[in-house]
Amino acid sequence: MGCCNRRCGLITGAVFGAVLAILGGILIPLGEIVIEGTVKKEAVIEPGTTAYDNWVSTGASVYRQFWFFDVKNPLEVVQKGATPEVVERGPYTYRTRFLPKENITFNPNLTVSYLMPMGAIFEPSMSVGPEEDEVTSLNLAVAGAYSLLLPVLHPVLEGLIRSTNSSLFQHRTVKEMLWGYKDPILKKELGLFSPYNGTFDGYYTVYSGKDDISKVGIIDKWQGGRSLKFWEDKYCDMINGTDASFFPPFVDKEQPLYFFSSDICRSVSASFKESLNLKGIEVDRYTLLKSTLASPVDNPDNRCFCRDLKTTKNCTKAGVLDISSCQEGRPIYISLPHFLHGSQSLREDVLGLSPSEEHHSTYLDVEPTTGFTLRFAKRIQLNMMYGPSKIITVLKKVKDYTIFPIIWLNETAVLDDETADMFKEKLIYRVEMLAIVQKALLGSGVAVFILCLSLYFVARRSHNQSKLV
């Protein structure tokens, strides 16, 4: 009787172990379903969700760092036709995107419309000097008027330059160059970002994801249109993806991420580069492809972005984008800092540039389960163009058309420690705990099953042998 009880107990133990193992196996897909359901619920843009709270007002501090290209030889350029030489000065740092979205409206078609207020606050502790630091930079009025005026009107520009004692370059403070000054030639406020404080970006209309989480955050309209009106081409005027602050959840690293940037007036894509650990959270880094600003010779898709045949040498020059059509006609050229991935001639026309993939490329660090962008660096360079003239004195020694770098900026943010802890508590730790429970049940169940089954056969063999004796 005792042997029978022992064997029955072992069989019961084996069954119990099998049940544990099966339970652990069931928890794997069940846990994934629970996690997926939770993420889908919390990623929707509607009051009460995690996504909404972070979407209305950026949790992390966003900064714009500016580096100026200070001209070392302005007189030699004007008087002798020397190649301009610059030295980088910065950063001068401002806190931005600290204001919550305004005029948030939930639409019947499950989209959300809003305005993005613009503002900038100087951060002295994160800057190399005060806003009153002076730099020698390109004269925005001279370069702008040269590009916009027909040659027949160049005598008028020459007269204005002479009467105001202006030149191709000017001495201005950091604050004036960024946010505006009264220009003596144009008799109006002029600055690289003037006006800025008190202005808005948008309207944006994006999908809330309530009916389809794969569309959450994707832009439906910008400034009332589903396409842009800058490029006069269906492909280049497409508005693709989100605003890059987050993406639909369950990101597939095999697929590029698309986003629209009003700063450069176009949509771009970023591709997976590597996985990283950010404050205990695994993120995937996405970077812009070199083909983004490639010449149409290398990337035919960029043909519709090439608008100035003269400056771009019949669209063979890579690395710059003329965005004057979305800057109220102001002749601004966008590039990556130091003309990273640009044609060599751009760095030969202006000396002192040293592009670096590490310091000058744009990247997004995205948590793949939620699609949230937890760290980013958006790096852009602002340039203007000037060229030779037989009439304008300050340009008579200039040999060829030059795309001149004025500043480059790095708009960057990273989630703070408090947000990282909250993120880990709500998602990462739960996923890890579920995985531990799954493995523990599966492992212990299999171990108990094998052990009890083995002991059962040993006991059974011993019992059979004792009966033979």
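In the predicted model, tyrosine 204 is in contact with Val112, Ser113, Tyr114, Ile219, Lys221, Trp222, Phe260 and Ser262, when its neighbours within four places in sequence are left aside. Tyrosine 204 belongs to strand 10, which covers residues 200-207, and its side chain makes a polar contact of 2.6 Å with the side chain of aspartate 201. The C-alpha atoms of tyrosine 204 and methionine 116 lie 8.1 Å apart in space, although 88 residues separate the two in sequence. Tyrosine 204 has a relative accessible area of 5%, and because buried residues are those under 20%, tyrosine 204 counts as buried.

A second residue can be described along the same lines. Glutamine 170 is found in strand 7, formed by residues 169-173, and with a relative accessibility of 8% it is likewise classed as buried. Apart from neighbours within four places in sequence, the contacts of glutamine 170 are with Val135, Thr136, Ser137, Leu138, Asn139, Leu140, Met177 and Tyr181. In addition, a polar contact of 3.1 Å links the side chain of glutamine 170 to that of arginine 172.

The pairing of strands was examined next, beginning with strand 1. Strand 1, made up of residues 62-71, pairs with strand 2, made up of residues 86-96, in the antiparallel sense and over 9 bridges; within this pairing, arginine 64 stands opposite tyrosine 94 of strand 2. Strand 2 is also joined by 3 bridges to strand 5 (residues 120-122), and these two strands run antiparallel. Here tyrosine 94 stands opposite phenylalanine 122 in strand 5, so that tyrosine 94 faces a partner residue in strand 1 as well as one in strand 5.

Strand 1 also pairs with strand 19, in the antiparallel sense and over 6 bridges, and in this pairing tryptophan 67 stands opposite tryptophan 408 of strand 19. Strand 19 is joined in turn to strand 18 (residues 373-386) by 12 bridges, again with an antiparallel course, and glutamine 381 is the residue that stands opposite tryptophan 408 there. Of the 13 residues that make up strand 19 (residues 402-414), 12 are buried, and the strand is therefore largely enclosed by the rest of the structure. As a general point on such elements, the side chains of a regular strand alternate between the two faces of the sheet.

Methods: Residues numbered from 1 in each chain as written. Predicted model: local features only at pLDDT ≥ 70, side-chain atom pairs only at ≥ 80, totals over all residues. Heavy atoms only, no water. Helix = DSSP H or I, 4+ residues; strand = E, 2+ residues; numbered from the N terminus. Buried < 20%, exposed > 50% of the residue type's maximum accessible area, 1.4 Å probe, protein only. Contact = heavy atoms within 4.5 Å. Polar contact = N/O pair within 3.5 Å; in protein donor to acceptor, adjacent residues only side chain to side chain.
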